[in-house]
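Trainee: I am new to this structure and would like a close look at a single part of it, namely one helix pair and the residues that join it. Could you take me through that part slowly and then set it within the rest of the chain?

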Amino acid sequence: ITMEFVPGKDLWTMIRDEGRMRPARAVPILRQIARGCSAIHELGIVHRDLKSQNVIVDENGAVAIVDFGLARWNLGGGFTLDSIILGTPQYMSPEQASGKPVDARADIYSIGIIAFEALTGQLPFDGDSPIAVAMKQINDAVPDLLAKQADVPAALRAIVMKALRKDPAKRYPTAVDLEADLASAERLPT
């Protein structure tokens, strides 16, 4: 297998080594993730395993999304692997964890998880087994840890929480919409 070398450090390692990110550092990264997802969604591709380990940040702050091993083209109708639960449960949307068909809004949920992780330094859901985590993604409310971060403005918390809505119809309809709100939040004082 030949793969392009992407220099930098994955976002998970950055958070593990440096701790939670201040909004001024996290939001530009999140905006780039949203723009990258927008580009693949326009091609009809859903990543399905978007997580902080699959986001590489180089020394200049440029972001690359990697590992499209579970990505699927949304061809409409026909057989896909949507009914098989694939992905990382800590970043998986409720519909994906339920084995339901997924679309771009599943990636938007995953961006919400990445945002939560970057801004708090921890994941919203964890458990003793992948099934336990998947059940929390489906049933449990997102813990109110963002409100405990004094430097995270209410508007940014609202953006993250909208991306993390359980019902995909109540999330951002596109990554473009998410990125636009993140751009507005980037200009907010902290």
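Mentor: What follows begins with the chain as a whole, turns to one pair of helices, and then visits a few other places for context.

Please keep in mind throughout that this is a predicted model. The protein chain holds seven helices and five strands, and, read from the N terminus, its elements follow the order β-α-α-β-β-β-β-α-α-α-α-α. Of its 190 residues, 46% count as buried. Among the contacts in the chain with a separation of 6 or more, 65% are accounted for by residues 24 or more positions apart, and the helix pair you asked about can be read with that in mind.

The pair consists of α2 and helix α7, the latter covering residues 175–186, and their axes come within 8 Å and cross at roughly 160 degrees. Because angles over 145 degrees count as roughly antiparallel, α2 is roughly antiparallel to α7. The crossing of these two helices, α2 and α7, is left-handed. On the α2 side the contact is made by V27, P28, L30, R31, A34, R35, C37, S38 and H41, while on the α7 side A175, V176, L178, E179, L182, A183 and E186 take part.

Within this contact, R31 deserves a look of its own. R31 belongs to helix α2, which spans residues 23–42, and, once residues up to four places away in sequence are set aside, R31 touches E179, L182, A183 and E186, each of which is listed among the α7 residues of the helix contact. Is R31 buried or exposed? Its relative accessible area is 19%, and because buried means under 20%, R31 is classed as buried. There is also a spatial relation to V63, since R31 and V63 stand 32 residues apart in sequence, with their C-alpha atoms 9.5 Å apart in space.

A second helix pair can be set beside the one just described. Helix α4 (residues 104–120) and helix α6 (residues 154–163) have axes that come within 7 Å and cross at roughly 140 degrees, and α4 and α6 are therefore oblique to each other. The crossing of α4 and α6 is left-handed. I108, Y109, G112, A115, F116 and L119 of α4 make this contact together with L156, V160 and A163 of α6.

Y109, one of those α4 residues, leads on to S93, which lies in the loop between β5 (72–73) and α3 (94–97). With neighbours within four places in sequence left aside, S93 is in contact with V102, A106, Y109 and R171. The relative accessibility of S93 is 0%, so S93 counts as buried.

Another loop residue is R48, found between β2 (45–46) and β3 (55–57). R48 is buried as well, with a relative accessible area of 4%. The phi of R48 is near 75 degrees, a positive value in a residue other than glycine, and for comparison, most residues other than glycine have a negative phi.

Finally, a word on the aromatic rings. How many aromatic pairs does a search of the whole structure find? The search finds zero. A ring does, however, take part in another arrangement, in which the charged end of K162 sits over the ring of Y172, 4.5 Å from its centre.

How values were computed:
Residues numbered from 1 in each chain as written. Predicted model: local features only at pLDDT ≥ 70, side-chain atom pairs only at ≥ 80, totals over all residues. Heavy atoms only, no water. Helix = DSSP H or I, 4+ residues; strand = E, 2+ residues; numbered from the N terminus. Buried < 20%, exposed > 50% of the residue type's maximum accessible area, 1.4 Å probe, protein only. Contact = heavy atoms within 4.5 Å. Phe/Tyr/Trp six-rings, centres within 6.5 Å; stacked < 30°, edge-to-face > 60°. Lys NZ or Arg CZ within 6 Å of the ring centre and 35° of its normal. Axes fitted to C-alpha atoms, helices over the stretch in contact; angles between N-to-C directions. Parallel < 35°, antiparallel > 145°, perpendicular 65-115°, else oblique. Left-handed = near helix turned anticlockwise from the far one by under 90°.
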